[in-house]
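Subject: The structure I promised you

Hi,

Here is the structure we talked about, with the sequence alongside. Have a look at it first, then read on for what turned up.

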Amino acid sequence: MQSFVKQFIKQHDLLQPNTTIIVGVSGGPDSMALLHYLHSIRKEWNLKLIACSVDHMLRGDASQGDMKYVESYCKEMDILFYGKRMDVLAYKNAHHLSVEVAARECRYHVFKEVMKNHQANCLALAHHGDDQVETMLMRQVRGSFGVSLAGIPVKRPFATGHIIRPFLCVTKRHLEQYCKEYGISPRYDNSNMSSDYVRNRFRHVILPFLKKENPKVHVRYQYMSERMTEDQRYLDQLAKEHVDRVILNESEQGLRIDIGSFLKIPLPLQRRVIHLILNYLYSNKGLSSLHHSIHIEALLQLLQTDHPSSEEHLPNGLVVKRSYNTCVFTFNIESDSINAYQSILSIPGTTKCPTGSFTVELADVYHSTSNTSNTFYLRMADISEPLKVRTRSQGDRISPKGMSGTQKLKSIFINEKIERKEREIWPILVDANESVLWLPLLRQRHYKPRGQEKSAFIKITFLPTVKLGRKTE
């Protein structure tokens, strides 16, 4: 076994001479074998070892006994020891996590603390080849995406250095034999036999079948893991080059992308662009990225569809909304702070509403060129007061200039490619009979004033204070 591990360490550049290594030790056969192995080569590499043991407080005296066993062993072998008890159940309840995830987060929190205190170069963990097979299978079944499918990395940045896993080239059986050969009496965690945990079901049902078909299946999976990691990193690098090209703008709430630019990206990279965007948004909010391949495929379909308006809801409250040629990723839907409203128009005067202000002035004359997208002239004698500004109602219609008959406001919004959230808050000018006179920035009621009497007209100017998808003139 030692020769396999030595070759693996050199192949992946896991150790450097004259370094400080924190060793995660639970007291089980895997971590005890790792601690013993590193201790056996400490003089050759001039290594400083510090054993770190975490009691998760899940098994009462048994788990505390594990930590005391490691402490006793380290004292006997003259290895520096650091142990800490962590209330995993309290952490689990406070953060709404599974026991497995809570235990891992607590454990890695302690590892990081010890590494920083000792300015260590490496954190050595005892994951082995069987763990690799189980992890890769679990992630495939769960629907992981990208480099996550490659399983457990041999080496990755962590705290003040790197996490290294020198035992990914050997199996559980190798490590148990190693312990017997060197007279190590490890502790055993009975929870590893429980079928309540997903990993245990893979370990006791799937793994034996694979080993029966190929006793060296762990070698094949490790090879596959390393090649997948290389491929995925290269593809992710290509995808990163496209991300900035598709993002139109971003804010604290999220970002907006251009769908046309996105669809020009090669399909294999489109998935990775989505993945990178989601990772970026979640990490910016300090949230865990809980999205899987099923979410990426759903967003890919949303972006590729011909339907102009649709949305998807992702984990941790992320909402993705498509509206015509753009798509918004946000944790805080913009529509939402503005509710339906209605205000009586002051004539003359200024009337404010949640989306802007309407200013009414008396006008001496009216010219056919006077009306613009944000100004509207009316003859007082031809309207029914009071005039009101409100949000749209079911069935609202207008008789637009240049058309015979009426047109639904909904159709106008669709034709003008106005986003749903903007339609719900768009101001509409109506008279006392609820007849729509003006859809500011978009349409005016067909109106032909009679005569040119002095002071017979009013000029209404609308100035928006929120984004309504149109520029004023």
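A residue counts as buried when its relative accessible area is under 20%, and as exposed when that value is over 50%. Keep in mind that this is a predicted model.

With that cut-off, start at A124, which is found in strand β4. Its relative accessibility is 0%, so A124 counts as buried. Leaving out residues up to four places away in sequence, A124 touches I21, I22, V23, G24, L34, L38 and I164. If you want a sense of scale, the C-alpha atoms of A124 and H242 are separated by 36 Å, with the two positions 118 residues apart along the chain.

Now the core. The largest nonpolar core has 37 residues, and the members that touch the most others are L15, I21, L38 and F167. Two or more residues each come from α1 (2-11), β1 (20-24), α2 (29-40), β2 (48-55), α4 (61-77), β4 (122-124) and α8 (172-181). The biggest giver is α2, with six residues. L38 is a good one to click on: apart from residues up to four places away in sequence, L38 touches L15, I21, V23, L47, L49 and A124. There is also a second, separate core of 30 residues, and L387, L429, L437 and I458 are among its members.

Next, two helix pairs.

Which way do α5 and α6 pack against each other? The angle between them is about 110 degrees, and their axes are 9 Å apart. That is why α5 counts as roughly perpendicular to α6. The crossing of α5 and α6 is right-handed. On the α5 side the contact uses V88, L89, Y91 and K92, and these meet V99, A102, A103, E105 and C106 in α6. By type, the residues of this α5 and α6 contact are seven nonpolar, no polar and two charged.

The loop between α5 (88-95) and α6 (99-118) holds H96. H96 has a relative accessibility of 72%, so H96 counts as exposed. Measuring tool at the ready: the C-alpha atoms of H96 and E434 sit 51 Å from each other, and the two residues are 338 residues apart along the chain.

The other pair is α7 (residues 129-142) and α10 (residues 217-246), which pack at an angle of about 60 degrees with their axes 9 Å apart. That angle makes α7 oblique to α10. This crossing, of α7 and α10, is left-handed. The α7 residues in the contact are G129, D130, Q132, V133, M136 and L137, and they meet V217, H218, Y221, Q222, M224, S225 and M228 in α10. Sorted by type, the contact of α7 with α10 has seven nonpolar, five polar and one charged residue.

Finally, some backbone oddities. As background, most residues other than glycine have a negative phi, and most peptide bonds are trans.

What about the cis peptide bonds at P348 and P386? The bond from I347 to P348 is cis, with omega near -10 degrees. You'll find P348 in the loop between β12 (342-344) and β13 (349-353). E385 and P386 are also joined by a cis peptide bond, and omega there is about 5 degrees. P386 has its place in the loop between β15 (375-379) and β16 (388-390).

Then the positive phi values. D13 is not a glycine, yet its phi is positive, at about 55 degrees. D13 lies in the loop between α1 and β1. With a relative accessible area of 40%, D13 is partly exposed. M57, another residue other than glycine, has a positive phi near 60 degrees. M57 lies in the loop between β2 and α4. Its relative accessible area is 32%, so M57 is partly exposed too.

If you open just a few spots, I'd go for A124 in β4, then the α5 and α6 crossing, and then the cis bond between E385 and P386.

Cheers

Notes:
Residues are numbered from 1 along each chain as its sequence is written. This is a predicted model: local features need pLDDT of at least 70, side-chain atom pairs count only at pLDDT 80 or more; totals for chains, interfaces and linings use all residues. Side-chain values use heavy atoms; hydrogens and water are left out. Axes are lines fitted to C-alpha atoms, for helices over the stretch in contact, and angles run from 0 to 180 degrees between N-to-C directions. Helices (H or I, at least four residues) and strands (E, at least two) are DSSP runs, numbered from the N terminus. Angles under 35 degrees count as roughly parallel, over 145 as roughly antiparallel, 65 to 115 as roughly perpendicular and the rest as oblique. A crossing is left-handed if the near helix is turned anticlockwise from the far one by less than a right angle, and right-handed if clockwise. Contact means heavy atoms within 4.5 Å. Ala, Val, Leu, Ile, Met, Phe, Trp, Tyr, Cys and Pro count as nonpolar, Asp, Glu, Lys and Arg as charged, and the others, Gly among them, as polar. A nonpolar core is a set of buried Ala, Val, Leu, Ile, Met, Phe, Trp, Tyr and Cys residues joined through side-chain atoms within 4.5 Å. Buried means under 20% relative accessible area, exposed over 50%, partly exposed in between (1.4 Å probe, protein chains only).
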